[in-house]
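Biologist: Hi, I'm new to this one. Could you pull it up and walk me through it?

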Number of protein chains: 2
Amino acid sequence: MAHSVTPRQPVTLAEVAREAGVSPSTVSRILNGTAQVKATKVAQVRAAIEKLGYKPNAFARSLAKGASSSVGVLTQDIASPFYGDALGGIERGLMGSGYSPLIISGHWRTDEEEHAIELFMSRRVEALIVLGGHLPEEELRQLAQQLPVAVLGRPVDLASPGSISLALDNRRAAYDLVTYLLDRGHRRIGHIMGPQDHVDARDRLDGYRQALEDRGLPFQPSLVVQGDFHEPSGLIGTQQLLAQHPDMTAIFSANDQMAYGARLALYRLGLRVPEDMSLVGFDDLPGSAYTTPPLTSVRQPMAEMGHWLARFVVAQLTGQATEPFQPQMELRLRESVATRHLP
Amino acid sequence: MAHSVTPRQPVTLAEVAREAGVSPSTVSRILNGTAQVKATKVAQVRAAIEKLGYKPNAFARSLAKGASSSVGVLTQDIASPFYGDALGGIERGLMGSGYSPLIISGHWRTDEEEHAIELFMSRRVEALIVLGGHLPEEELRQLAQQLPVAVLGRPVDLASPGSISLALDNRRAAYDLVTYLLDRGHRRIGHIMGPQDHVDARDRLDGYRQALEDRGLPFQPSLVVQGDFHEPSGLIGTQQLLAQHPDMTAIFSANDQMAYGARLALYRLGLRVPEDMSLVGFDDLPGSAYTTPPLTSVRQPMAEMGHWLARFVVAQLTGQATEPFQPQMELRLRESVATRHLP
DNA sequence: CTTATTTTTGCAATCGCTTTCAGATAAGCT
DNA sequence: AGCTTATCTGAAAGCGATTGCAAAAATAAG
């Protein structure tokens, strides 16, 4: 026989007060430590709370004090390892601050992002952390007018002292990475780029091109294929590249996921990495240290940045100062690149 | 010169009412469609809302109607690809239902999980979705008494019709996987197991042992090494295994991450996969289809399960029926296993 | 053009907690 | 003991919505 669920109403502060024989105000004061209360009463109230299993109603509390104690976090994909790291950092940064994160995904769609903002505002988040996305700068600026906003992964001028944007120099890192390949003797380097409408993808392509040109090498459009940041496009892109340029000696993939696809394409063709083909990626996903061979890539300190941003907004909210932070992309040189001896 | 932030107070429903020249009740009714309102007033109110940029206060609303329209989601690690998939599914399942997820991580620590529950209750979530974790069954059962609870990844008897637990048969899948290896002629199969206190890890070990015994092969403790579900332990475990059993022909890693570590260990030793050593993992992470060679593993339909669970709790909440669902582990046979010809 | 109905509205109470203000208690001094 | 000062405590007024109830307005019926 099915047990029926007991929809017993939650206990209220008033009931606790009655049980303990004091006024609601007193209970509230004990709960919040807002004022001194006689030890004997404290004991009575604590007992009553225990006995009744009282759990304060966060809504009523937020409503009464006009503060939600939460910060909105807009991510793009909750299942992505890339943003996942940042989320983990944000979580850690908020821990113990009294603020809790309200996480919503925008799935790279502007309408969903707008909707998320709507929800944040209606939930009265006290600050906002935005990971990437396509929200118009103007809108972000306007939000920054009302609450602290921290943007990760996009350089945005928020024009507000309480807000900030943290973005790494993709162009520069790509430049360094390609220069590294050039230094090791590679001359015909293919590039699998990310989606055209993605600013990071464009910046990485720019870095690639610039590195080449600074060495006096011509930029060849046929050495660049279009990808979409996912594995299959890396695999296909590699095949295309190889068909056009059998003499290519290295591939720069705009992210690690596509590099994985490239790696598999090479494996299928019987080409060894790095002996026959050098391969580098971007993002340094957790798995990249364990591919065979381990993949040379560029690490973005997502977790650290998330952590710092969380602390930043908390500091803004509590009127404290924030220690400065200068995140850097970091080349992770591993074993997927070989040295070519020039003729 | 720094622009100072305008902490303009949020607009309230009362202000909208005044602006539109109607009573607050009318505005509320328009917002919620609770009753008929003259078209002319609707227009006036909409205009006022637009003009003032009114955003309803979710707290006040929840308080007044006694419902939060949110469901709590307890995950273990927001950055984990494993749970990430499930979260994505949950998000999709909740989308458009009027409920939004409140996600909190427990980091595999019971105290943090308890704390999360505390927060959920105080935020008055209307249902709970729990992904794995260590919360005592008794506590889950008690929660199920108060609201719909859906547990993923742990078989729990919640003793309540509105609640459910979805757990796949790890033992069985491990059994099948090892049997597959046996069928292909492997006789000395090593196992890198997960943390002892993890029920999935124990089940997978059980399946391994049972498969061996059902074929009349002795279970050898020295063929099992302890891991922790992370890559490095897979690497070290493989070295240990190989030191003891140079004649081993296959390794069954209790999860894909450790299999990646094993793969690298083999690579470093110059052992080819699958020619010299077969390797299988568990979980089928997104990257496993792109390792070299692609890794044979077991897929758990995390996203689908998350999606279904979300729909299940929504159905409970709205008093609808849920279509049944029988998730299955699925062997993903790829190229990391070779056939051994028995002497 | 009344009178009976059916729609639309507004008033006021309520949701559960915080907080100001003032009265009640306790403590400190002479 | 009497008076000042410092601590505690409770009553009551919000916080920003929703909603039952009854009055007002619009519509239908006679």
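Biologist: How does the surface near DNA strand C divide by class into nonpolar, polar and charged residues?

Modeller: The surface near DNA strand C has 14 nonpolar, 11 polar and 5 charged residues. Here Ala, Val, Leu, Ile, Met, Phe, Trp, Tyr, Cys and Pro count as nonpolar, Asp, Glu, Lys and Arg as charged, and the others, Gly among them, as polar. Before we go on: this is a predicted model, where local features need pLDDT of at least 70, side-chain atom pairs count only at pLDDT 80 or more, and totals for chains, interfaces and linings use all residues. Residues are numbered from 1 along each chain as its sequence is written, while chains are lettered from A and ligands numbered from 1 in the order in which they are written.

Biologist: Okay, and which residues come nearest to strand C?

Modeller: Out of 30 residues around DNA strand C, the nearest are Leu13(A), Ser28(A), Ala64(A), Gln36(B) and Lys38(B). "Near" is when the C-beta atom, placed from the backbone, lies within 6 Å of the strand. Two or more residues each come from helix H1 (13-20), H2 and H4 of chain A, and from H2 and H4 of chain B. Helices (H or I, at least four residues) and strands (E, at least two) are DSSP runs, numbered from the N terminus.

Biologist: Which helix gives the most there?

Modeller: H2(A), with 6 residues.

Biologist: And what about strand D, which element gives the most to that surface?

Modeller: That's H2(B), with 6 residues. Around DNA strand D there are 29 residues, and Gln36(A), Lys38(A), Thr12(B), Ser28(B) and Ala64(B) come nearest. By class that surface has 13 nonpolar, 11 polar and 5 charged.

Biologist: Switching topic: how does chain A superpose on chain B?

Modeller: By a rotation of 180 degrees with 0.1 Å of shift along its axis, giving an RMSD of 0.2 Å. That is the relation of a two-fold axis. The fit is by least squares on the C-alpha atoms of residues with pLDDT of at least 70 in both copies.

Biologist: Which C-alpha of chain A is nearest the axis?

Modeller: The one of Phe59(A), 2.4 Å from the axis.

Biologist: How many residues of the two chains are in contact?

Modeller: 45 residues of chain A are in contact with 45 of chain B, where contact means C-beta atoms, placed from the backbone, within 7 Å. On the chain A side, H5(A) has the largest share, 6 residues. That side has 21 nonpolar, 17 polar and 7 charged residues.
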